[in-house]
Amino acid sequence: MARKTFILTVCLLCASAAARALSPVEYGVSAGAGWRNMGMDGTRAGIYSLSADPRMGFFCGIASRITLPWFHIQTEINYVAARYRLTAAPPPGQGAASASTVRMGFVEAPVLLGYKVGFIRLQAGPVFNLMAETSVSAPRSVSAGQSPPAHMVMCRMPAVGYAAGIAADISNVSFTLRYGGQFAEPVQTVGIGGERGVNVKTAMRAWSLGVGIYF
């Protein structure tokens, strides 16, 4: 009985692997870390000079992949959490610089065209920005003993960006390195110290490292 059960299990595993190999459609889940450069250095909000230092964020999502004779199409829906340190510096003698952490959440939908060489996949395509939200931590003064001004940030993303990258497949696990950006510059409305918000264009660029499992 044990022998028959073992043989049946092996046959089922082989049949599952064969079906997966023959099927043109795969589904998967993925997650990883990312860094998003705002390209804000040197811009101004009122009297304040702004700078932004990227911090590590993360992403997670679902994906589908359709394999055709010469290429494949990979679609994804990802939630992306990005953050950066915003520093606002006034002119000399007009107060102290202050810093806050800006957290941004995106829902992105990449549609990537890919070509596979051995176990390496080359991929590129548009990324549709479905939603963006922003929150700001309480600012702190860079100089001790001074009260920092309030920070206000809102982000408006363009409808379409782009992404390009490389993936390495090991069995049903895929490791990815990807670079992305926007065709139009995202606009962030920044207000410091209760001043009226100023629209600041940012050259947002992103790198990400991820791992996905496909079924």
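**Leucine 177 and the nonpolar core**

User: In this predicted model, is leucine 177 buried, partly exposed or exposed?
Analyst: Leucine 177 has a relative accessible area of 37%. Buried means under 20%, and exposed means over 50%. The value of 37% lies in between, so leucine 177 is partly exposed.

User: Which residue of strand 13 is the bridge partner of leucine 177?
Analyst: Leucine 177 lies in strand 10, residues 173-182. Strand 10 pairs with strand 13 (residues 205-214) in the antiparallel sense, over nine bridges. The partner of leucine 177 there is leucine 209.

User: Which residue stands opposite leucine 177 in strand 9?
Analyst: Strand 9 covers residues 160-170 and runs antiparallel to strand 10, with ten bridges joining them. The two strands form a hairpin with two residues between them. Opposite leucine 177 stands isoleucine 166.

User: Which residue in the turn of that hairpin has a positive phi?
Analyst: The turn lies between strand 9 and strand 10. A phi of about 60° is found there at serine 171.

User: Which strand gives the most residues to the largest nonpolar core?
Analyst: This core has 22 residues; Met40, Leu50, Tyr84, Leu86 and Met104 touch the most other members. Strands 3, 4, 5, 8 and 11 each give two or more residues to the core. The top contributor, with five residues, is strand 4.

User: Which residue of strand 11 (187-192) does leucine 86 contact?
Analyst: Leaving aside neighbours within four places in sequence, the contacts of leucine 86 include Met40, Leu50 and Val153. Strand 11 spans 187-192. The contact of leucine 86 in that range is Val190.

Note on methods. Residues are numbered from 1 along each chain as its sequence is written. This is a predicted model: local features need pLDDT of at least 70, side-chain atom pairs count only at pLDDT 80 or more; totals for chains, interfaces and linings use all residues. Side-chain values use heavy atoms; hydrogens and water are left out. Helices (H or I, at least four residues) and strands (E, at least two) are DSSP runs, numbered from the N terminus. Buried means under 20% relative accessible area, exposed over 50%, partly exposed in between (1.4 Å probe, protein chains only). A nonpolar core is a set of buried Ala, Val, Leu, Ile, Met, Phe, Trp, Tyr and Cys residues joined through side-chain atoms within 4.5 Å. Contact means heavy atoms within 4.5 Å. Two strands pair if DSSP finds at least two bridges between them.
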